Amino acid sequence: MTEKILLELLRKYKAGLVTEEETLAEMKNISLATESFGFANVDHGREIRQGFPEVVYSPGKSKEQLKIIFKNLYERSAGNLIASRASREQFEFLRDEIPAAVFDETARMIYVDRDKNLKRDERKKILILTAGTSDIPVAEEARLTAYLWGNAVSTCYDCGVAGIHRLFAHMNEIISANVIIVVAGMEGALASVVGGLTARPVIAVPTSVGYGASFNGLAALLAMLNSCAAGVSVVNIDNGFGAGVLASKINRVR
């Protein structure tokens with residue numbers, strides 16, 4: 001389900017080997033192709049439709065289920081692969097079947113990087129900022145996701161509003177970034193501050209970091225949704241993956 005297959009189909013059409021109707025029907029079949037395993041329907045057309053294979057959410061899946069899904073995607077796709085929120089136990093179970101797989105403990109991600117020699121565009125860099133050190137796991141999920149989607153990514157960690165001079169020390173990075181991801185728990189104020197410092201789109205990620213009244217990230221989520229800084233969008237609590245994907249999609253059209 002890759003560009004190579006589509007190119008072969010288009011060449012056949014150009015050579016008159018298939019009709020226009022046959023070509024259209026085959027393209028629809030490719031873009032909507034799924035494979036059922038009873039417990040999962042793997043979407044093999046997603047790479048054609050969105051430019052990246054289906055990403056596997058690991059929690060709630062048995063080791064065997066995850067291995068079957070991930071191995072099937074590995075064998076039938078050409079792009080990089082991600083299993084998010086994975087455990088080391090799940091990784092150890094599938095690594096013999098997929099030696100190319102790597103586990104990132106901080107990001108909690110199993111991945112396959114098939115673009116190791118890809119030259120990423122430094123002019124369209126995604127910058128990731130965290131308010132504190134405790135926000136780094138979510139930020140690393142965002143960083144690795146964006147990187148595997150083909151982006152140049154840089155990070156500035158532990159520069160929250162409690163010591164705002166630490167943020168101002170990174171103004172050059174903030175100004176030069178193409179998209180900015182801000183990861184913050186507690187009261188989530190960092191997103192508004194960054195939104196007021198730049199004309200770039202800001203993606204705010206509330207985290208479940210904080211004491212009782214932070215309500216496991218709800219306080220940061222509401223603060224970010226109520227930001228008075230223009231151009232700040234918000235993803236769900238602890239959703240570093242979603243922020244990395246959104247930043248990648250913005251990058252592709254900017």
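Rings of Phe, Tyr and Trp (its six-membered ring) are taken as a pair if their centres lie within 6.5 Å, and planes under 30 degrees apart count as stacked, over 60 as edge-to-face and the rest as tilted. By that rule, the count here is 1 aromatic pair. The rings of Phe 91 and Phe 103 have centres 5.6 Å apart and planes at 20°, so they are stacked. Phe 91 belongs to helix H5 (residues 88-94) and Phe 103 to strand S5 (residues 102-104), so the pair ties together parts 12 residues apart in sequence. Helices (H or I, at least four residues) and strands (E, at least two) are DSSP runs, numbered from the N terminus.

The model is a predicted one: local features need pLDDT of at least 70, side-chain atom pairs count only at pLDDT 80 or more, and totals for chains, interfaces and linings use all residues. Residues are numbered from 1 along each chain as its sequence is written, and side-chain values use heavy atoms, with hydrogens and water left out.

Back to the stacked rings: are they buried or exposed? Buried means under 20% relative accessible area, exposed over 50%, and partly exposed in between (1.4 Å probe, protein chains only). Phe 91 counts as buried at 4% relative accessibility, and Phe 103 is buried too, at 11%.

Phe 103's strand, S5, is part of an open sheet of 4 strands, ordered S3-S4-S6-S5, with mixed pairing. Its edge strands are S3 (56-57) and S5, each pairing on one side only. Two strands pair if DSSP finds at least two bridges between them. Strand S4 (residues 81-84) runs antiparallel to strand S6 (residues 109-112), joined by 3 bridges; Leu 81 has Val 112 in S6 as its bridge partner. Helix H4 (residues 63-76) lies across S3, S4 and S6, at about 160° to S4. Such angles run from 0 to 180 degrees between N-to-C directions, with axes being lines fitted to C-alpha atoms, for helices over the stretch in contact. Helix H6 (residues 136-148) lies across S4, S5 and S6, at about 15° to S6.

Then there is an open sheet of 5 strands, in the order S8-S7-S9-S10-S11, with parallel pairing. Strand S8 (153-156) and strand S11 (232-234) stand at the edges with a single partner strand each, so one side of each has no neighbour in the sheet. From one strand to the next, the twist averages 25°. H6 packs on this sheet as well, touching S7, S8, S9 and S10, and its direction makes about 175° with that of S7. Helix H10 (residues 218-225) touches S9, S10 and S11, at about 155° to S10.

Within this sheet, 6 of the 6 residues of strand S9 (residues 179-184) are buried, so the strand is largely enclosed by the rest of the structure. Val 179, Ile 181 and Val 183 are buried on one side, and Ile 180, Val 182 and Ala 184 on the other. S9 pairs in the parallel sense with strand S7 (residues 126-130) over 5 bridges, and 5 bridges join S9 to strand S10 (residues 202-206), also parallel.

H6 also meets helix H11 (residues 240-253): their axes come within 7 Å and cross at roughly 35°. Contact means heavy atoms within 4.5 Å, and the H6 residues Val 138, Glu 141, Ala 142, Thr 145 and Ala 146 meet Gly 240, Phe 241, Gly 244, Val 245 and Ser 248 in H11.
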